[in-house]
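This report looks at how charged side chains are placed in a single structure. It takes up a surface patch, a helix and a set of salt bridges in turn.

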Amino acid sequence: MITRTRLAAGLCALLAALTAGLAFPAGAAAGEPTGQDAPKVDLVLDVSGSMRARDIDGQSRMAAAKQAFNEVLDATPEEVELGIRTLGADYPGNDRKTGCKDTARLYPVGPLDRTEAKTAVATLTPTGWTPIGPALLKAADDLDGGDGSKRIVLISDGEDTCAPLDPCEVAREIAAKGIGLTIDTLGLVPTAKLSRQLSCIAEATGGTYTSVEHQDELTDRVNQLVDRAADPVVTPVPAEGAGRCSAAPALKSGLYTDREEFGQQRFYRVDVRPGQELRASVSVAADRAVNPGHGVLLRAVTSKGREIVRGEAAGNGRTDVISTGLRYPKAGSDDEDAPAEAVCLAVSHSFSPASGVKTTPGLPLELTVDVVDAPDQAGDVAAFGLGRGWWLLGVLILTGFLAGLVWGWLSRWRVAVWRTN
């Protein structure tokens, strides 16, 4: 059994896409890279008054951000459509209502004119409020449309100042739209409170959070995120699990999505031939408020319901995605016509909805299935059976027994020699 606490950032980003049940284009294979539209990136920069602070390599945060943007604009791949949005750049006053509307599109998302974009960045001056929530909503609109990858890169040095519009809830709302958008966040010389808020925003859409204290770190990280947007988009295949193994849909190797109600169990069938190994993992995303204390369980069972192997993971408090996995090696056979064994993957979770939260539709889950040739039994611990514990226990018992005999014989021999002398 292999248990994973969290999938790679790319897998978590796909969970954000499936929250509204995206349709999969006909004729495509499970997990096949899709999305012919150009990848889009919207850089969202905090230009609030606090960006005047001079604590990044002897220069102001604003100067460091401008320098980083210029270098990023030079390195942006040709195939990426890039835009820039600001928050807190235009209103210097104290009226909260007006300050919380202060977000503007500095450069539209589209084919990049590097000179024009740099000129726009050069005009920025730290000014006002920090309306992160409103800026994220507008940035999502900037990226709407098309089936290519979409990424918001938020760079801020302070927490949102426009509560009760919680930016983390805004990020959840964006994820629920199902437009496949990922939000990555970077905190400039962050406080603990800012780190928590930016981490929450990123996690809600399967993105990443990075703390930045030097200008070269900012440049390198933004470059990485822009380059990542150009990677092929892998779209999962919708698969509707059944309430029992006998009615489960047959799956082949690939990436699948479904929704699971609270307190429900979903079954999926995979055919495993002798000499093959089933590798599976599942992630369940909390796309709404849930109670603390939760887990996810993935079991491989026979068609008669006997459990073969399981993987499980648990969390407590704020967890947006929780994942686990398993392996099941099937022994080889000399019979080339030996039938495949129908193995059912049973998925369940212990999330429970917070008070007043809608229970339908169910929580989005993502299931990865891979059926491969099993490794050689002599060199693979899981195939040999050690992973289940019985062989290992037997070896330890035998080793202990033999060691005891040898030690007893040596002790008696030493006592006999002592008496003789």
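In this predicted model, helix α8, which spans residues 215-229, gives the most to the negative patch, contributing three residues. The patch lies on the surface and gathers Asp57, Glu71, Glu213, Asp216, Glu217 and Asp220. Glu217 has its place in helix α8, and because its relative accessibility is 35%, Glu217 counts as partly exposed.

A different setting is found for Asp142, which has its place in helix α5, residues 132-142. Asp142 has a relative accessible area of 17% and is therefore buried, the cut-off for that class being under 20%. When residues up to four places away in sequence are not counted, Asp142 touches Asp42, Arg85, Arg105 and Val109. As for the helix itself, eight of the 11 residues of α5 are buried, so the rest of the structure largely encloses it. The buried residues of α5 are Ile132, Gly133, Pro134, Ala135, Leu136, Ala139, Ala140 and Asp142.

Side chains of opposite charge can pair when their charged atoms come close. With a side-chain nitrogen of Lys or Arg required to lie within 4 Å of a carboxyl oxygen of Asp or Glu, the count comes to 15 salt bridges. Three of them are set out below.

| Salt bridge | N to O distance |
|---|---|
| Arg61 and Asp55 | 2.6 Å |
| Arg327 and Glu277 | 3.0 Å |
| Glu307 and Arg299 | 3.4 Å |

In the salt bridge of Arg327 with Glu277, the pair links distant parts of the chain, since Arg327 is in strand β15 (residues 321-329) and Glu277 is in strand β12 (residues 276-285), 50 residues apart. Both partners, Arg327 and Glu277, are buried.

Are the partners in the other two pairs buried or partly exposed? Arg61 counts as buried because its relative accessibility is 10%, whereas Asp55, with a relative accessible area of 32%, is partly exposed. In the salt bridge between Glu307 and Arg299, Glu307 counts as partly exposed at 31% relative accessibility, while Arg299 has a relative accessible area of 16% and is therefore buried. Salt bridges that share partners join Arg299, Glu307, Arg310 and Glu312 into one network.

Note on methods. Residues are numbered from 1 along each chain as its sequence is written. This is a predicted model: local features need pLDDT of at least 70, side-chain atom pairs count only at pLDDT 80 or more; totals for chains, interfaces and linings use all residues. Side-chain values use heavy atoms; hydrogens and water are left out. Patches are made of residues with over 30% relative accessible area and no salt bridge: like charges are joined within 9 Å, nonpolar side chains (Val, Leu, Ile, Met, Phe, Trp, Tyr) within 5 Å. Accessible areas come from the Shrake-Rupley method with a 1.4 Å probe; for residues, only the protein chains shown count as cover. Lys and Arg count as positive and Asp and Glu as negative; His and the chain ends are not counted. The place of a charge is taken as NZ of Lys, CZ of Arg, CG of Asp or CD of Glu. Helices (H or I, at least four residues) and strands (E, at least two) are DSSP runs, numbered from the N terminus. Buried means under 20% relative accessible area, exposed over 50%, partly exposed in between (1.4 Å probe, protein chains only). Contact means heavy atoms within 4.5 Å.
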